Amino acid sequence: MAQLLKKPLKLALVQLGTGADKSTNLARARSRVLEASKSGANLIVLPECFNSPYGCQYFPTYAETILPLPPSKTDSPSYHALSALAAESKAYLLGGSIPEYVPSTKKYHNTSLLFSPKGDLMATHRKVHLFDIDIPGKITFRESDVLSPGNKLTLVDIPEYGKIALAICYDIRFPELATIASRKGCFLLLYPGAFNLTTGALHWELQARARAMDNQVYVGLCSPARDMEASYHAWGHSMVVDPNAKVMCKAGEGEELVYAELETGAIEETRKGIPIYTQRRFDVYPDISKGDVKFEE
């Protein structure tokens, strides 16, 4: 079995505090990413909506126009800030997500941007599953009132290390995405996400460990820092889980950097010990990674 992770990788999750001022958010992100880079991180992840407050009322105000590529600095200051920061830090940088506006369709999306250590855009992922929930007495939220969903899975080949999958927050509740990504050879699933105090307490760690256990790959979840004065209260507790579903590192509630050393051979050793990959019964049920799957590599 060929190793999915070609060489060791140091992963950093930036649990970032954000406020109303976009330029301040970008400056804070730069400071923390550079701190992670100085600590030797090769891949650095920012949280969902890292450049703005999280909430349907904020998406149109903070949205940036990315297309056509490359956007102007006026149309997308966050795009240019991330590109420059990736080059400055000499690390792969996943810009969590930002609200995106597409003039041709007049639609808003929740969009992740991945940049190379040279500052080149490698991939974008638009949140596929929108956060529409209603838990009586707890929380009601409808992203679809403002946002439109993306329509593809996003798999990215990082030349030195291997293939990773990008997704956003609520996407983690749909295991098909993770299963397809792992069967396509990904060693890591990344989910910038802003679970709240209700759903976070219920399912944040459970979902991370479940996706890792089901697929025997690394999983990273990166949350905004909790701010009880904001209109939306993020859960925090960014974490990395190993292929055996063990939590490798876990943040608290506030602004924090957490790191995990991803080792070659860990996936293969896990799959050798519990060989679900060779025990699946595709004569009984279909392989969902085959057939008409919309994904981008």
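In this predicted model, helix α1 (residues 22–38) and helix α3 (residues 77–89) have axes that come within 10 Å and cross at roughly 20°. Angles under 35 degrees count as roughly parallel, and α1 and α3 are therefore roughly parallel to each other. Their crossing is right-handed. The points below take up this helix pair, then strands β1 and β5 with their partners, then the seven-stranded sheet with helix α4, and finally residue I172.

**Helices α1 and α3**

- On the α1 side, the contact is made by K22, L26, A29, R30, V33, L34 and S37.
- On the α3 side, P77, S78, A81, L85, E88 and S89 take part.
- By type, the residues of this contact between α1 and α3 divide into seven nonpolar, three polar and three charged.

**Strand β1 and its partners**

- Strand β1 covers residues 9–15, and seven of its seven residues are buried.
- In a regular strand, side chains alternate between the two faces of the sheet.
- In β1, L9, L11, L13 and Q15 point one way, while K10, A12 and V14 point the other way.
- Both sets are buried, with K10 and Q15 included among the buried residues.
- Strand β15 (residues 256–262) runs antiparallel to β1 and is joined to it by seven bridges.
- Within that pairing, L11 of β1 has A260 of β15 as its bridge partner.
- Strand β2 (residues 43–45) runs parallel to β1, and three bridges join the two strands.
- Here L13 of β1 has V45 of β2 as its bridge partner.

**Strand β5 and its partners**

- Strand β5 (residues 107–115) is mostly covered, with seven of its nine residues buried.
- Strand β3 (residues 92–94) pairs with β5 in the antiparallel sense over two bridges, and L94 stands opposite L114 of β5.
- Strand β4 (residues 98–102) is also antiparallel to β5, joined to it by five bridges, and I98 stands opposite T111 of β5.
- β4 and β5 form a hairpin with four residues between the strands.
- In the turn of that hairpin, K106 has a positive phi of about 60°.
- On the following side in sequence, β5 pairs with strand β6 (residues 121–126) in the antiparallel sense over five bridges.
- F115 of β5 has L121 of β6 as its bridge partner.
- The hairpin of β5 and β6 has five residues between the strands, and G119 takes a positive phi near 90° there.

**The seven-stranded sheet**

- Seven strands form an open sheet with mixed pairing, in the order β14-β13-β12-β11-β10-β9-β16.
- Its edge strands are β14 (247–250) and β16 (295–296), each of which pairs on one side only.
- Helix α4 (residues 175–183) packs on this sheet and touches β9 (153–158), β10 (162–166) and β11 (186–192).
- The direction of α4 makes about 150° with that of β11.
- Strand β12 (residues 218–222) and strand β13 (residues 239–241) run antiparallel and are joined by three bridges.
- In this pairing, L221 stands opposite M239 of β13.

**Burial of helix α4**

- L177, A178, T179, I180, A181 and S182 of α4 are buried.
- The cover over the buried residues of α4 includes the strands β9, β10 and β11.
- Helices also contribute to that cover, including α5 (197–215), α6 (266–273) and α7 (276–279).
- Just after α4, G185 takes a positive phi of about 100°.

**Residue I172**

- I172 is placed in the loop between β10 and α4.
- Buried means under 20% relative accessible area, and at 2% relative accessibility I172 therefore counts as buried.
- Apart from its neighbours within four places in sequence, I172 is in contact with Y191, F195, Q207, A208, R211 and L221.
- One of these contacts, L221, is the residue that stands opposite M239 in the pairing with β13.
- The C-alpha atoms of I172 and H237 are separated by 16 Å, and the two residues are 65 residues apart along the chain.

Note on methods: Residues are numbered from 1 along each chain as its sequence is written. This is a predicted model: local features need pLDDT of at least 70, side-chain atom pairs count only at pLDDT 80 or more; totals for chains, interfaces and linings use all residues. Side-chain values use heavy atoms; hydrogens and water are left out. Axes are lines fitted to C-alpha atoms, for helices over the stretch in contact, and angles run from 0 to 180 degrees between N-to-C directions. Angles under 35 degrees count as roughly parallel, over 145 as roughly antiparallel, 65 to 115 as roughly perpendicular and the rest as oblique. A crossing is left-handed if the near helix is turned anticlockwise from the far one by less than a right angle, and right-handed if clockwise. Contact means heavy atoms within 4.5 Å. Ala, Val, Leu, Ile, Met, Phe, Trp, Tyr, Cys and Pro count as nonpolar, Asp, Glu, Lys and Arg as charged, and the others, Gly among them, as polar. Two strands pair if DSSP finds at least two bridges between them. Buried means under 20% relative accessible area, exposed over 50%, partly exposed in between (1.4 Å probe, protein chains only).
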